[in-house]
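Please look over the sequence and the model below. A short report on the fold and on a few residues follows.

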Amino acid sequence: MSRDKSKDSSSMLKNMTTTAVGGDAARTVTASTEAELIAAITAADNAGEDILFIGGGSNLVISDEGFSGTVIRIATRGLVVEEQDGGLALLRAAAGENWDATVEYSLAEGLSGLEALSGIPGCAGATPVQNVGAYGADVSQTLVWARVWDRTAQEILQLSNEDLAFAYRDSLIKRTSTHGSPRYVVLEAAFLLKRGNESAPIRYAELARRLGVEAGQGADAALVRQTVLELRRSKGMVYDPQDPDSHSTGSFFTNPIVDASVLEQLPHNAPNYPVEQAGMVKLSAAWLIDQAGFGKGYGLEGTDGFQIAGGRASLSTKHTLAITNRGTASAADILAIARAVRAGVAERFGITLVNEPLLIGISL
């Protein structure tokens, strides 16, 4: 376990996140083993310090003022496959494992089920927190359990899929906090996957069209991964240091889930999707943003929003859901774009968008 108290580049939070904003960390601890991670959490909790957990840094927008507590960087490693009955296998991933590398590993091991979640930035331990999802798939469909450190009881627990009470981009872990950060810290996540080359059923229409299959059918899992990566890259949703459109948290706003009666107030062509809650529908945040007058690249020179963040931050030129750092943006610049978009959608449609990334030391 390494500890850094200096104010050099290693303590600058902007260097730990994909949006590349944030001030200094007062203290940084990097935990490379599970024991080191638990020890770091316990020491900070016993000292009464606030904790900020960082894995891949892809779901954080951190204040320009930095963080005055302890930043714990989760760098644990380990991927294990355990055979199960019925042509199934359990893939166990340490929290600090890169998520896309975990998906790639699963396919290399002849397992399917995670392929539609390819290209999502971040670490494996973050996926159950947010119930990470894309292209009609999410973590709740394959995750069996998560081993966590309970900071309140100071013990290791194993939370089942049912215990985690998953919802759209939500879970028990996300909803439960202590001292301003998660009560339960994921140590390891386990996914039940199928042996074989056929993917899980394709639930997303655009992906099914690209693959040439009907929605609900399977396809070659490796081809699904390749196609998903191509789709995500076309939208700037695969992190690339050379592509400013990928310097973001991915989708900044979640798709609103609203009462079905709201559709009566929207244009007839407003995209909407069924959800499990009776009488509710999911809307497309990207469509709402675009229709409210915030097109791709909003915030760059030549658009109405140029003065908002001086061109330092903007909506992606590839996708209206991502707010990007064009190279020199601050957290304040990112929030300026977010506030303008949220206010515009609320004024146009009466719907208040909710941020998907965690906002640390700042708020909309």
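Is His 179 buried or exposed? With a relative accessible area of 61%, His 179 is exposed. Here buried means under 20% relative accessible area, exposed means over 50%, and partly exposed lies in between (1.4 Å probe, protein chains only).

This is a predicted model, in which local features need pLDDT of at least 70, side-chain atom pairs count only at pLDDT 80 or more, and totals for chains, interfaces and linings use all residues. Residues are numbered from 1 along each chain as its sequence is written, and side-chain values use heavy atoms, with hydrogens and water left out.

**The whole protein**

The protein has nine helices and 21 strands. These are DSSP runs, numbered from the N terminus: helices are H or I with at least four residues, strands are E with at least two. The C-alpha trace spans about 55 × 55 × 40 Å along its principal axes. The radius of gyration is 20 Å, which agrees with the value near 21 Å for a compact globule of 364 residues. That rule is 2.2 Å times the number of residues to the power 0.38, and the radius is taken over C-alpha atoms.

Of the 364 residues, 52% are buried. Now take contacts (heavy atoms within 4.5 Å). Among those with a separation of 6 or more, 60% join residues 24 or more positions apart.

**Two residues with positive phi**

Most residues other than glycine have a negative phi. Asn 131 has a positive one, and so does His 179.

| Residue | Phi | Loop between | Relative accessibility |
|---|---|---|---|
| Asn 131 | near 45° | helix H3 (127-130) and strand S9 (133-134) | 2%, buried |
| His 179 | about 55° | strand S13 (177-178) and strand S14 (181-182) | 61%, exposed |

**A buried serine**

Where is Ser 112 placed? Ser 112 is in strand S8, residues 111-112. Ser 112 counts as buried because its relative accessibility is 5%. Which residues does Ser 112 contact, leaving aside its neighbours within four places in sequence? They are Leu 193, Lys 194, Gly 196, Glu 198, Ser 199 and Ala 221. For Glu 198 there is a further detail: its backbone oxygen lies 2.8 Å from a polar atom of the Ser 112 side chain.

Notes
Polar contact = N/O pair within 3.5 Å; in protein donor to acceptor, adjacent residues only side chain to side chain.
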